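Please open the model in your viewer and keep the sequence panel beside it, since each stop on this tour begins with a selection. The route goes from one place to the next, with a short account of what is found at each.

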Amino acid sequence: MATITVDQNDLEIRVKSMYRDVAQDPYGDFHFELGRGLAERLGYPAAELDRIPPDAVASFAGVGYYLRLHDVTPGERVLDLGSGSGMDVFIAALRVGPEGRVTGVDMTPEQLGKATRLRDEAGIGHVEFVEAHLERLPFADGSFDTVLSNGVINLCADKAVVFREAARVLRPGGSLVLADIVSEVPLPDSIVCNATLWAACIGGALEQGLYARLAEEAGLAVEQVVDNTEYRFLSKGAQGATADYGVKSISLHARKPRA
Ligand SMILES: C[S@@+](CC[C@H](N)C(=O)[O-])C[C@H]1O[C@@H](n2cnc3c(N)ncnc32)[C@H](O)[C@@H]1O
């Protein structure tokens, strides 16, 4: 069981402030890279990025192209945990087609407001954005075929609860496929107790083996974990954490066993 050492209220305030800025001013100064250049380097197909709202791509703050490990297919019901300005939701919507449905959840009002406006302007009917915390998902058990997430669970203080919620809303046989920031060795308390470093996607990085174990303890079978070597942090401080503790991006695919 991973101990929670960061002040959760403080963390929520800082995360919301950081990702409000990502929604409103994606060309500002951040610890991490944003936007189309990042998406293409991670592996997102340019032809699909061309077909979704450019402002969603500009605010993309993900850390990996996890759909390489497991793709969504036409007609599926898909949930994106921490959907931000909506890029992954719009990509998934292209792939599931109008017979499918994609739901994005996020707690930051400016991210949700932007994603919803872009959806409406583009007239995309099979997408919805819902304000919620990942720790308390407002969906019935087994509601989704696939759950996605990109660069988000590291920001959550109680990752065990987030994995349990993801497992709960998946149907038996469904997949959780995500990219996230983890570390190769446990981070020291000086980093883990610092809410500012959490909001910058560093402080909340869990040791990789423990991260996968929390997914397993939530009832998911981890099938594949790969390093996203194309991902890198921008700031010197973040690059230092990478050098000292192996803070890095991974993609992970886990499946909920059939009943
Ligand atoms: C690094 S951004 C990634 C956004 C999006 N997945 C992308 O790839 O651009 C993290 C997002 O997760 C959201 N978030 C973080 N913790 C959350 C929580 N506990 N509940 C709901 N949303 C959360 C933030 O509001 C932010 O929009």
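Select Leu81 together with Val105, which stands opposite Leu81 in strand S2. Bear in mind from the outset that this is a predicted model. Now extend the selection to the whole of both strands, and you will see S1 and S2 (residues 101-106) running in the parallel sense and paired over 5 bridges. Elsewhere in this pairing, Arg77 is placed opposite Arg101 of S2.

Stay with S1 and ask which of its residues lie on each side. Arg77, Leu79 and Leu81 are on one side, while Val78 and Asp80 are on the other, and with all of these buried both faces of the strand are covered. Because 5 of the 5 residues of S1 are buried, the strand is largely enclosed by the rest of the structure. The pattern to look for is a general one: in a regular strand the side chains alternate between the two faces of the sheet.

Turn next to S2, where Arg101, Thr103 and Val105 occupy one side and Val102, Gly104 and Asp106 the other, all of them buried, so that both faces are covered here too. With 6 of the 6 residues of S2 buried, this strand is therefore also largely enclosed by the rest of the structure.

From Leu81, move to Ala166, which touches Leu81, Val147 and Leu176 when residues up to four places away in sequence are not counted. Ala166 is one of the buried residues of helix H7 (residues 159-169), and the others to select with it are Lys159, Val162, Phe163, Glu165, Ala167 and Val169. The buried residues of H7 pack against strand S1 (77-81), strand S4 (144-150), strand S5 (170-183), strand S6 (206-207) and helix H10 (208-217), and colouring these elements separately will make the surroundings of the helix easier to follow.

Ala166 also leads to the largest nonpolar core, a set of 82 residues in which Ala92, Val147 and Ala166 have the most contacts. In soluble globular proteins, nonpolar side chains tend to be buried together.

Follow S5 next to Ser183, which is found in that strand. Is Ser183 buried or exposed? It counts as buried, because 23 C-beta neighbours lie inside 10 Å and the cut-off for burial is 20 or more. Leaving aside neighbours within four places in sequence, Ser183 is in contact with Ala205, Leu206, Glu207, Gln208, Tyr245, Gly246 and Val247. For a distance to display, take the C-alpha atoms of Ser183 and Asp244, which are separated by 9.7 Å although the two residues are 61 apart along the chain.

One of those contacts, Leu206, belongs to strand S6, and with 21 C-beta neighbours inside 10 Å it counts as buried. Draw a line from Leu206 to Ala93, and the C-alpha to C-alpha distance will be 30 Å, for a separation of 113 residues in sequence.

Go on to Ala199 in helix H9 (residues 195-199), which counts as buried because it has 23 C-beta neighbours inside 10 Å. Beyond its neighbours within four places in sequence, Ala199 is in contact with Leu11, Arg14, Val15 and Met18. Pro53, by contrast, lies 26 Å from Ala199, C-alpha to C-alpha, and 146 residues away in sequence.

Now show the ligand and ask how many residues surround it. There are 22, and the closest are Gly62, Gly82, Gly84, Met107 and Thr108. Helix H1 (8-24) and helix H5 (87-96) are the elements that give two or more residues to this shell. By type, the residues of the shell divide into 10 nonpolar, 9 polar and 3 charged.

Finally, zoom out to the whole chain, which holds 11 helices and 8 strands. Its C-alpha atoms fill a box of roughly 50 × 45 × 30 Å along the principal axes. The radius of gyration is 17 Å, which agrees with the value near 18 Å that a compact globule of 259 residues would have. Of the 259 residues, 49% count as buried, and among contacts between residues at least 6 apart in sequence, 77% join residues at least 24 apart.

Methods: Residues are numbered from 1 along each chain as its sequence is written. This is a predicted model: local features need pLDDT of at least 70, side-chain atom pairs count only at pLDDT 80 or more; totals for chains, interfaces and linings use all residues. A residue is near a molecule or strand if its C-beta atom, placed from the backbone, lies within 6 Å of it. Helices (H or I, at least four residues) and strands (E, at least two) are DSSP runs, numbered from the N terminus. Ala, Val, Leu, Ile, Met, Phe, Trp, Tyr, Cys and Pro count as nonpolar, Asp, Glu, Lys and Arg as charged, and the others, Gly among them, as polar. The radius of gyration is taken over C-alpha atoms; the globule rule is 2.2 Å times the number of residues to the power 0.38. A residue is buried if 20 or more other C-beta atoms lie within 10 Å of its own, exposed if 12 or fewer, and partly exposed in between; C-beta atoms are placed from the backbone. Two residues are in contact if their C-beta atoms, placed from the backbone, lie within 7 Å. A nonpolar core is a set of buried Ala, Val, Leu, Ile, Met, Phe, Trp, Tyr and Cys residues joined through C-beta atoms within 7 Å. Two strands pair if DSSP finds at least two bridges between them.
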